[in-house]
Amino acid sequence: DGKGMRRQSQALGTDSEGGTLAMKAAMHDHGAISDGGLVDPPPVDNDQEHRLKSNGVTRHIILIRHAQYDESYYTFGQLTDLGRRQSDLTGKRLAEMLNGVDDTFGPCEISAIHVSRETPARETAEIISQHLPNVIQTEPDYLLDEGFPAQIIPIRHGLDIEQEMDEDHGRIEEAYHKYFWREDELNYPSNEHAVETNGDGDEHSSPQSQHRFEVIVGHGNVIRYFFCRALQLPPEAWLRLSLFNCSLTYLMIKPNGIVSCRLLGDIGHLG
């Protein structure tokens, strides 16, 4: 909540050595990302692994921290004028990314915009959506609400988050499993008659490479935790990262389970 967020901001300069909290996260079913952060690869032979790399579906997750909001309230307030401007510029940047520059680099298609229930995130997503009129905005998801996702190393004296962390960790970890998973099915042409000819002149079905994009508009703590988990970094390191309002963090999940980061906290579009 707003009070907890203020306690966090007041204690950011008090680093000291500290211990860790053993964290156990329930494993998702086949296709989810494991506790280590890497998407669990399926038991496949070399040929199937090659087909997944060449013709599987790659998922692109673009994480956006909400714009600036009025902090004079106890809880999250509405966006400021600057926040609305930040959201507008972010929507324009996403539209540029999706339109692409030529046939080789674009266009791309966003399947959905997901958002938390908090006011700044919802208002940011609404403004961004004006630049993406054909993209579905899903119902606000409480799993994406702000919170304290994990213990902090080094510990911060004066930052007592144990109760909030106990309340928030399970929910945020559930959100991680909900949105971070690999697409391990091959993508074949929608036209059942689409074929290609091999070197022997035989015709066979031709899988197609495909990329699917999703946007999540949420909060700094949650995005930082997702970043650490997806890249197999210690989740307790989340508070060492810093994200500005309307920054873009871009993670790519390949069908063979490899996760990589293309952007972390990018704000070049706000200049």
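The paragraphs below go through a predicted model, from the whole chain to single residues.

The chain contains six helices and seven strands. Read along the sequence, these elements come in the order α-α-β-α-β-α-α-β-β-β-α-β-β. The chain has 271 residues, and 48% of them count as buried. Its accessible surface comes to about 14,000 Å², and carbon and sulfur atoms account for 47% of that area. Contacts that span long stretches of sequence are frequent: among those between residues at least 6 apart, 72% join residues at least 24 apart.

Two helices illustrate how residues are covered. Helix α4 is mostly covered, with eight of its eleven residues buried. The buried residues are Pro120, Ala121, Glu123, Thr124, Ala125, Ile127, Ile128 and Ser129. They pack against strands β1 (57-65), β2 (110-115) and β5 (210-218), and against helix α3. In helix α6, which covers residues 220-230, eleven of eleven residues are buried. The list of buried residues in α6 includes aromatic side chains such as Tyr225, Phe226 and Phe227, as well as Arg224 and Arg229.

The next topic is charge. Side chains of opposite charge can pair when their charged atoms come close. With a nitrogen-to-oxygen cut-off of 4 Å, the count in this model is ten salt bridges. Helix α3 (residues 81-99) holds Arg85 and Asp88, which are separated by about one helical turn because they are three residues apart. Their side chains form a salt bridge, with N to O at 3.6 Å. Arg85 is partly exposed because its relative accessibility is 44%, while Asp88, at 18%, counts as buried because the limit for that class is 20%.

Arg93 and Glu96 are a further pair in α3, again three residues apart and so separated by about one helical turn. The salt bridge between their side chains has an N to O distance of 3.8 Å. At a relative accessible area of 30%, Arg93 is partly exposed.

Helix α5 supplies another example. Arg171 and Asp168 lie three residues apart in this helix, about one turn, and their side chains meet in a salt bridge at 3.6 Å, N to O. Both Arg171 and Asp168 are buried. Elsewhere, salt bridges with shared partners connect Arg85, Asp88 and Lys92 into one network.

Charge also gathers without pairing. Asp160, Glu162, Asp166 and Glu167 make up a patch of negative charge on the surface. Of these, Asp160 is placed in the loop between α4 and α5. Its relative accessibility is 52%, so Asp160 counts as exposed, the limit being 50%.

The loop that holds Asp160 runs between α4 (119-129) and α5 (162-179), and Asp141 is found there as well. Is Asp141 buried or exposed? Asp141 counts as buried because its relative accessibility is 7%. Beyond its neighbours within four places in sequence, Asp141 is in contact with Val115, Ser116, Arg117, Lys178 and Tyr179. Ala175 is 34 residues away from Asp141 in sequence, with the two C-alpha atoms 8.9 Å apart. Pro154 is also in the loop between α4 and α5. The peptide bond joining Ile153 and Pro154 is cis, with omega at about -5 degrees.

The last part concerns backbone geometry after α6. Gln232 comes just after that helix and takes a positive phi of about 60 degrees; the residue is not a glycine. Gln232 belongs to the loop between α6 and β6 (248-253). With a relative accessible area of 49%, Gln232 falls in the partly exposed class because exposed requires over 50%. Cys246 lies in the loop between α6 and β6. Cys246 has a positive phi of about 60 degrees as well, although it is not a glycine. The relative accessible area of Cys246 is 0%, so this residue is buried.

Notes
Residues are numbered from 1 along each chain as its sequence is written. This is a predicted model: local features need pLDDT of at least 70, side-chain atom pairs count only at pLDDT 80 or more; totals for chains, interfaces and linings use all residues. Side-chain values use heavy atoms; hydrogens and water are left out. Helices (H or I, at least four residues) and strands (E, at least two) are DSSP runs, numbered from the N terminus. Buried means under 20% relative accessible area, exposed over 50%, partly exposed in between (1.4 Å probe, protein chains only). Contact means heavy atoms within 4.5 Å. Patches are made of residues with over 30% relative accessible area and no salt bridge: like charges are joined within 9 Å, nonpolar side chains (Val, Leu, Ile, Met, Phe, Trp, Tyr) within 5 Å. Accessible areas come from the Shrake-Rupley method with a 1.4 Å probe; for residues, only the protein chains shown count as cover. Lys and Arg count as positive and Asp and Glu as negative; His and the chain ends are not counted. The place of a charge is taken as NZ of Lys, CZ of Arg, CG of Asp or CD of Glu.
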